[in-house]
Each structure stands twice: as C-alpha cells, then as structure tokens.
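Hi everyone, thanks for coming. Today I'd like to walk you through one structure, step by step. Please have a look at it while I talk.

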Amino acid sequence: MKRIVITAALAIAAIGSAHAASIAGLQNTGVAANGDIGAAGSGDTHYTLSAASSDTTITNTVPVITNDSQWPINPWLANSTTSKWITPTSSQGQTFDAWSAGTYTYTLSFDLTGYNASTASFVGRLAADNAVTVKLNNNVISTATGFTDWASFSANSGFVSGVNTLDFVVTNWQQNGGNPTGLRVEFSSSNIAAVPEPETYAMLLGGLGLLGFIARRRKAA
C-alpha cells in the first residue's frame, strides 16, 4: 500500500514540475545568435523586418543592431548589456518618411510544440521611435509611444500550439529631416507548462486505480 501511494505521489509531482519552464525564443532586441549582446552593425537574426517606408526602399529583411555611442542614442534610451536598439538599416541615424508616415514590422517567432499553450504568459517592456503596436498571432495586445522611456507589455492568452508570432509594428511619423526610427524590446519573465509524457499519466492512473481497488477490498472485508 505504501509503495502505491508513493508511486501516485511521484506521478503527481512529475506533472506539477512541468510548470517551471520559461518560453524559449523570446529574445531581447540586440542579441546575437549565440545569446550574447550583439555587435554594432551586425544583424539581429532573431527578428525579421518588413518595412514600408514612405520614401525609402529597404531591401534587407534582418534589422541592424545599433552603435552605443552614435545618434540617436540619447535622446533614445541608452543601449545596455541586456538589450540594444535595432533599426531598419546600418545607418542608424538615417532619416525616413519625410512626407508621410512609414511602418516597420519587426517579427519574432517562437515555437510552443510540446507545451501547453493555454498556460503560456510573458511580461516585457519596450520603446519605439515613434509608436508601436504589438500583436500576438495577429491580435493586438499592446500599444505604446515614445523612445525616452519604457512602456510595459504582456500576454497570458492568445498563444497557440506550434509556432507563434509577435509582431512589433512601428510607425515612424512624418518629419522632413532628423527622422530615424527604431525598436527596443526586453522580456523580463515568461512561463509555460510542458505537456506531460503519456507514461506519466499512465503511472498516475495506475497508482490511483490500485489505491481505489485496495480501498474497496478493505471496505468489503
């Protein structure tokens, strides 16, 4: 009897321990492929770029990590060892959208295969020049404006099994000169529960079944 109780308890513990995972693939902007902070001028390959500038043709699909000491860093929030600004081109101070606003979509994908998508959540903060709309799987979860301070964003629903997408749609307002654009994102926490293996469920059900069988026999005795 004692061994059966231990078996059931271990199975329950195995299921509960699956709730400790964080979401892989939620990367801050400005991080290199190896996970270290990226070098200025290199591409941030965690994000893809789709740009619709009103006056500039942008052919690259990978945003560029900024230099810590070049304009517009200050007035933009200073880069750090945690994240950096990313921009549409390697010329981070380049002027865009002199006559009408442009949009720049930075997309981050992450895969929840093998996890329970209904348990997923994350919390982060961001800044943008000039405004940003955040979409999780094409559903708006946050909006913010400004590049001199952080704005928070988060999600605890709207995730799907398999590949998920986070779109940061940056709008660069019209200005004739001195009009760069960029995005900064940091994730502070995330959580996701793994889907327990079939043998874990089998262990739990088997242990509980034996407990019930023994209880019935004792009652009948």
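I'll go through the strands, then the charged pairs, then the aromatic rings.

Before we begin, please keep in mind that this is a predicted model.

Let's start with the strands, and with β4 in particular. Strand β4 covers residues 102-111 and pairs with β7 in the antiparallel sense, over 10 bridges. If you'd like to find that pairing on your screen, look for Thr103, whose bridge partner in β7 is Thr171. Another place to look is Tyr106, which has Phe168 as its bridge partner in β7.

β4 also has β1 as a partner: the two run antiparallel and are joined by six bridges. Here you can look for Thr48, whose bridge partner in β4 is Thr107.

So how many residues of β4 are buried? Seven of the 10 are, so the strand is largely enclosed by the rest of the structure. β7 is mostly covered as well, with seven of its 10 residues buried.

Now, β7 pairs with β5 too, in the antiparallel sense and over six bridges. On that side, Val134 stands opposite Phe168 in β7. You have met Phe168 already, as the bridge partner of Tyr106. While we are on strands, here is a handy idea to carry with you: in a regular strand, side chains alternate between the two faces of the sheet.

Let me pause at one residue in β1, namely Ser50; the strand spans residues 47-52. Is Ser50 buried, exposed or partly exposed? Its relative accessibility is 47%, so Ser50 counts as partly exposed. Which residues does Ser50 touch, if we leave out those up to four places away in sequence? The answer is Thr103, Tyr104 and Thr105. You can also check a spacing here: the C-alpha atoms of Ser50 and Val62 are separated by 8.6 Å, and these two residues are 12 apart along the chain.

On to the charged pairs. How many salt bridges does a search of the whole structure find? It finds three.

Let's take Asp68 and Lys84, whose side chains meet in a salt bridge at 3.4 Å, N to O. Both residues sit in the loop between β2 (64-65) and β3 (86-87), 16 residues apart, and the pair links distant parts of the chain. The two ends have their own surroundings. Asp68 is partly exposed, with a relative accessible area of 44%, whereas Lys84 is buried, at 8%.

Next come Glu186 and Arg125, with a salt bridge of 3.1 Å, N to O. This pair also links distant parts of the chain: Glu186 belongs to strand β8 (residues 182-194) and Arg125 to strand β5 (residues 115-136), 61 residues apart. Why do we call Glu186 buried? Because its relative accessibility is 8%, and buried means under 20%. Arg125, at 35%, counts as partly exposed.

Glu186 has another salt bridge, this one with Arg184, where the closest N and O atoms are 3.9 Å apart. Both Glu186 and Arg184 are buried. Put these together and you get a network of salt bridges linking Arg125, Arg184 and Glu186.

Last topic: the rings. The structure holds nine aromatic pairs. One of them is formed by Phe122 and Phe159, and it is edge-to-face, with 5.8 Å centre to centre and 90° between the planes. Phe122 is in strand β5, while Phe159 is in the loop between β6 (139-155) and β7 (163-172), so the pair links distant parts of the chain, 37 residues apart. Both Phe122 and Phe159 are buried.

Phe122 pairs with Phe187 as well. Their ring centres are 5.7 Å apart and their planes are at 85°, so this pair is edge-to-face. It links strand β5, where Phe122 sits, to strand β8, which holds Phe187, and the two residues are 65 apart. How buried are they? Phe122 has a relative accessibility of 2%, and Phe187 is buried at 14%.

Finally, which residues do the ring pairs link into a cluster? They are Tyr47, Phe110, Phe122, Phe153, Phe159, Phe168 and Phe187. Try clicking through them on your screen, and notice that Phe168 is the residue we met opposite Val134.

That's my tour. Thanks for listening!

Terms used. Residues numbered from 1 in each chain as written. Predicted model: local features only at pLDDT ≥ 70, side-chain atom pairs only at ≥ 80, totals over all residues. Heavy atoms only, no water. Salt bridge = Lys/Arg side-chain N within 4 Å of Asp/Glu carboxyl O. Helix = DSSP H or I, 4+ residues; strand = E, 2+ residues; numbered from the N terminus. Buried < 20%, exposed > 50% of the residue type's maximum accessible area, 1.4 Å probe, protein only. Phe/Tyr/Trp six-rings, centres within 6.5 Å; stacked < 30°, edge-to-face > 60°. Contact = heavy atoms within 4.5 Å. Pairing = 2+ DSSP bridges.
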